[in-house]
Amino acid sequence: MIYWQLWWVYLKIGIFGFGGGYAMLSLIQYEVVDKHQWLSLQEFTDVVAISQMTPGPIGINSATYIGYTVTGNVWGSIIATIAVCLPSFLLVLLISYFFAKFKNNKYVAAAFTGLRPMTVGLIAAAALLLMNNENFIDYKSVLIFLGAFFLTWKYKIHPILMICLSGILGLVLYW
Amino acid sequence: MYWVLFLTFVKIGMFTIGGGYAMIPLIEREVVNRGWLNKQDFIDLFAVTQSLPGIFAVNISIFVGYKLKKITGSIICALGTILPSFFIILAIALFFNHFQDNVWVVKVFNGIRPAVVALILVPCLSAAQALKLKRMELIFPLIGAVLIWKAGISPAYIVLAGIVGGLVYTFWIKDKIKKKGI
C-alpha cells in the first residue's frame, strides 16, 4: 500500500514538475509533508539542505531519501526514483519522433508564455511554506536567514559554503 | 560504446552539485566534444528539454542516449545520471536516520534550516528578474504562490492554470487586443 502511494506520488511529481528543481519543491512538499505526512516540515527542510550539498538533481535526491525514510527499505527508494523518471522517459521518447515539430510548435510556445512566469510563483510558494515556526524557532533563526539571504543575493556565495557556514553558526549560537 | 556512455553520464551526475543548470556546461563539453551532437543540436535539445516536466539532467541524458543508441542508450545514460546521487543519498539516509536526534546534529540543522529558505528565495527573485516580468505579469505568480501557501491548493493545479492561461492569452486575448488596435 505504502509502495503504491509512493509510486503514485512520485509519478505525479514527474508529470507536473515543470520549471526545474526549485519549482518542483512546492509540489514535493505538498505531497510528502501536507498530504501524506511522511515527513515533518523540519525533516523536509533537512532533505533540501542535504540535496543542495550532494551531487545530483534535487528531484532524484528527494525521491531516494523519502522513499527510504517512508518505507525503511531500499525498495522504497528504487520505486520512488523510477516513478519520478518514468514520465520523462515516455515524453522524451515520444518527442524524439516529433522533435522538429515540437521545437517550433505554437501551442507549446503559447503554454510557456503562461508557465514561465508561473514558475516564479512556484518557487516563491516553496520558500513561503518553509517560513514557519518549525524552521524559524527564535530570533537567531531570523538573523541566520537574513544573513544567508544577503550574502547569497549580494555576493553570490556558493550554496554549499552557505550551508556549511550556517551549520557552524547553528552550533555556536545554540551552544 | 555503452560503457563510455554510462561513464560519461556518471561523471556528469557526480560533478554537478546544486542541481540542474549547473550541469549544462559540463554536459555540453562532454557531449559536443566527443562529437555525439553538434553545437546546434545541443542548443535545440536544450531548448526542448527546458519545456518538459521532470528532472532536467535526466531528460537531457535520455535524449542524448536515445539519439545515439535508441532505447537501450537512453536507459543507460539515464542510469548513469541517476545512480551516483541514488547511492550517495541512500548512504546519507541510512546514516541520518540514526543521527537525527544527536544533540550536535540538532544544533547544526537549527542553523541550516533558515539558510535553506534563503537559498530558495534567491533563485526565485533572480528568476523573476531574468524573465523581466512587468508589474501586471507578477500578479499571476503571486496569486499562484498565495493559493499554494495559504489555501493549500496543489501546485499541480497552479501548473495547469499557467498552461491554460498561456494558451488563452496567446490565442484569444492577444488577438482581441490586436484587432482593437490597442
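Contact here means heavy atoms within 4.5 Å. In the predicted model, Thr71(A) touches Ile2(A), Tyr3(A), Leu6(A) and Gly76(A) by this criterion, residues up to four places away in sequence being left out of the count. Thr71(A) belongs to helix H4 of chain A, which covers residues 58–71. A polar atom of the Thr71(A) side chain lies 2.8 Å from the backbone oxygen of Gly67(A). The C-alpha atom of Thr71(A) is separated by 25 Å from that of Tyr22(A), and the two residues are 49 apart along the chain.

The secondary structure of chain A consists of nine helices and zero strands. Read from the N terminus, the order of elements is therefore α-α-α-α-α-α-α-α-α, with helices and strands taken as DSSP runs. Along the principal axes, the C-alpha atoms of chain A fill a box of roughly 60 × 40 × 25 Å.

Within chain A, helix H2 (residues 21–35) carries a salt bridge between Lys35(A) and Glu31(A). The closest N and O atoms of this pair are 3.8 Å apart, a separation that counts because the criterion admits a nitrogen within 4 Å of a carboxyl oxygen. Lys35(A) and Glu31(A) are four residues apart, about one turn of the helix. Over all chains, the count of salt bridges comes to seven.

H2(A) also packs against helix H3 of chain A (residues 41–53), at an angle of about 145° and with the axes 11 Å apart. The crossing of H2(A) and H3(A) is right-handed. On the side of H2(A) the contact is made by Tyr22(A), Leu25(A), Ile28(A), Gln29(A) and Val33(A), and on the side of H3(A) by Leu41(A), Phe44(A), Val48(A) and Gln52(A). By class, these residues comprise seven nonpolar, two polar and no charged.

Between the chains, 92 residues of chain A are in contact with 84 residues of chain B. The size of an interface is often given as the accessible area lost when the parts come together. For chain A and chain B this buried area is about 8,200 Å², of which 81% is on carbon and sulfur atoms. In chain A, the residues that lose the most area to chain B are Pro55(A), Met118(A) and Trp153(A), which together account for 7% of what that side buries.

Side chains of opposite charge can pair when their charged atoms come close. Between chain A and chain B the count is one salt bridge. A salt bridge joins the side chains of Asp46(A) and Arg113(B), with an N to O distance of 2.7 Å. Six residue pairs are in polar contact across the interface, both residues of each pair being at pLDDT 80 or more. Helix H7 of chain A (residues 106–130) contributes 23 residues, the largest share of the side of chain A that touches chain B. That side is made up of 62 nonpolar, 25 polar and five charged residues.

H7(A) packs with helix H6 of chain B (residues 135–150) at an angle of about 35°, the axes being 8 Å apart. H7(A) passes H6(B) in a crossing that is right-handed. The residues of H7(A) in this contact include Pro117(A), Met118(A), Gly121(A), Leu122(A) and Leu128(A). Their partners in H6(B) are Phe140(B), Pro141(B), Ala145(B), Ile148(B) and Trp149(B). The contact of H7(A) with H6(B) has 13 nonpolar residues, one polar and no charged. Met118(A) thus appears both in this helix contact and among the residues of chain A that lose the most area to chain B.

Notes: Residues numbered from 1 in each chain as written. Chains lettered and ligands numbered in written order. Predicted model: local features only at pLDDT ≥ 70, side-chain atom pairs only at ≥ 80, totals over all residues. Heavy atoms only, no water. Buried area = accessible area lost by both parts, 1.4 Å probe. Polar contact = N/O pair within 3.5 Å; in protein donor to acceptor, adjacent residues only side chain to side chain. Helix = DSSP H or I, 4+ residues; strand = E, 2+ residues; numbered from the N terminus. Nonpolar A, V, L, I, M, F, W, Y, C, P; charged D, E, K, R; others polar. Axes fitted to C-alpha atoms, helices over the stretch in contact; angles between N-to-C directions. Left-handed = near helix turned anticlockwise from the far one by under 90°.
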